[in-house]
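Please examine the chain shown below together with its fold. The report that follows describes its sheets, one of its helices and a selected residue.

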Amino acid sequence: MRNTDEDPRAPGLVDARLAARLAELRAERGWSLGELADRSGVSRSTLSRAERAEISPTASVLNRLCAVYGRTMSRLLSEVEAEPALLVRAAEQPLWEDRAAGFVRRSVSPPHAGLRGELVEGRLTAGADIAYDRPPVPGLEQHIWVLEGTLEVTTQDVGHHLATGDCLRMRVWGPTRFRCPGPKDARYALAVVLP
């Protein structure tokens, strides 16, 4: 575990900035916690605790909030980081993790003004299973390239088994599911292009 006093990308600091940004987004719209809960399907208590940085939201919760706010997850996470540079050194790539789900997400090429695409590295531990009930932006283009291990991706009720080197290309209109069947962890590159 990194020392949060020394590393500005440390998970604790990112969670605190994310909490503040989530509270800002809700306030900008003039929504109560109850209104946001109704719109997102996330409980009031979870939203409240996430906005106070008492918990780190799961990938599924962040996905629901991104859908309500019309942002990709990378865009939301980039809003809590410093302005992205044109050259993103490996040591500067924002890292976010959902420990409960066994998911680590590195924003290799974060969203940037004037660019429609971004590149993410995802890591799922063996047995990890993450379901998203909706895309953050309908029609979002995604390219999933498995770098290590195997990955099962379900989109539009169709399951796809991807082995190392395989690439799945899709537009996301509805629920998706990412599962690492094991026995090894999966590592993949995800290219995201806004419609």
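The sections below proceed from the whole chain to individual strands and residues.

## Overall composition

The model is a predicted one. Its protein chain contains five helices and ten strands. Of the 195 residues in the chain, 45% are buried. The chain exposes about 9800 Å², and carbon and sulfur atoms account for 52% of that area.

Contacts that span long stretches of sequence are well represented: among those between residues at least 6 apart in the protein chain, 65% connect residues at least 24 apart.

## The six-stranded sheet

One open sheet is built from six strands arranged as β1-β2-β3-β10-β5-β8, with antiparallel pairing. Strands β1 (95-98) and β8 (167-172) lie at its edges; each has a single partner strand, so one side of each has no neighbour in the sheet. On average, and with direction ignored, neighbouring strands of this sheet are turned by 20° against each other. Strands of a sheet pair through backbone hydrogen bonds, in either a parallel or an antiparallel manner.

At the β1 end of the order, β1 is joined to β2 (residues 103-109) by four bridges in antiparallel fashion. L95 has R106 in β2 as its bridge partner. These two strands make a hairpin with four residues between them, and G102 in the turn has a positive phi of about 75°. On its other side, β2 is linked to β3 (residues 117-124) by six bridges, again antiparallel. R106 also takes part here, with E121 in β3 as its bridge partner.

Further along the order, seven bridges connect β5 (residues 140-148) and β10 (residues 186-193), which run antiparallel. Within this pairing, I144 has L190 of β10 as its bridge partner.

## W145 in strand β5

Which strand holds W145? W145 belongs to β5. With a relative accessible area of 46%, W145 is partly exposed, since that class lies between the limits of 20% for buried and 50% for exposed residues.

Apart from neighbours within four places in sequence, W145 contacts G165, D166, C167, Y188 and A189. Of the two strands that β5 lies between in the sheet order, β10 and β8, β10 covers residues 186-193 and β8 covers 167-172. W145 and L190 are 45 residues apart along the chain, and their C-alpha atoms are separated by 6.4 Å.

## The four-stranded sheet

A second open sheet has four strands in the order β4-β9-β6-β7, and its pairing is antiparallel. Its edge strands are β4 (129-132) and β7 (158-162), each of which pairs on one side only. The average turn between neighbouring strands of this sheet is 15°, direction ignored.

Five bridges hold β6 (residues 151-155) and β7 together in the antiparallel sense. In this pairing, T154 is opposite G159 of β7.

## Helix α3

Which residues of helix α3 (residues 44-51) are buried? They are L47, S48, A50 and E51. Viewed down the axis of α3, these buried residues fall within an arc of 165°, and they therefore line one face of the helix. An α-helix has 3.6 residues a turn, so residues three or four places apart point the same way.

After α3 comes A53, which has a positive phi near 60°.

Conventions: Residues numbered from 1 in each chain as written. Predicted model: local features only at pLDDT ≥ 70, side-chain atom pairs only at ≥ 80, totals over all residues. Heavy atoms only, no water. Pairing = 2+ DSSP bridges. Axes fitted to C-alpha atoms, helices over the stretch in contact; angles between N-to-C directions. Buried < 20%, exposed > 50% of the residue type's maximum accessible area, 1.4 Å probe, protein only. Contact = heavy atoms within 4.5 Å. Areas by Shrake-Rupley, 256 points an atom, 1.4 Å probe, with all protein chains shown as cover. Arc of directions from axis to C-beta.
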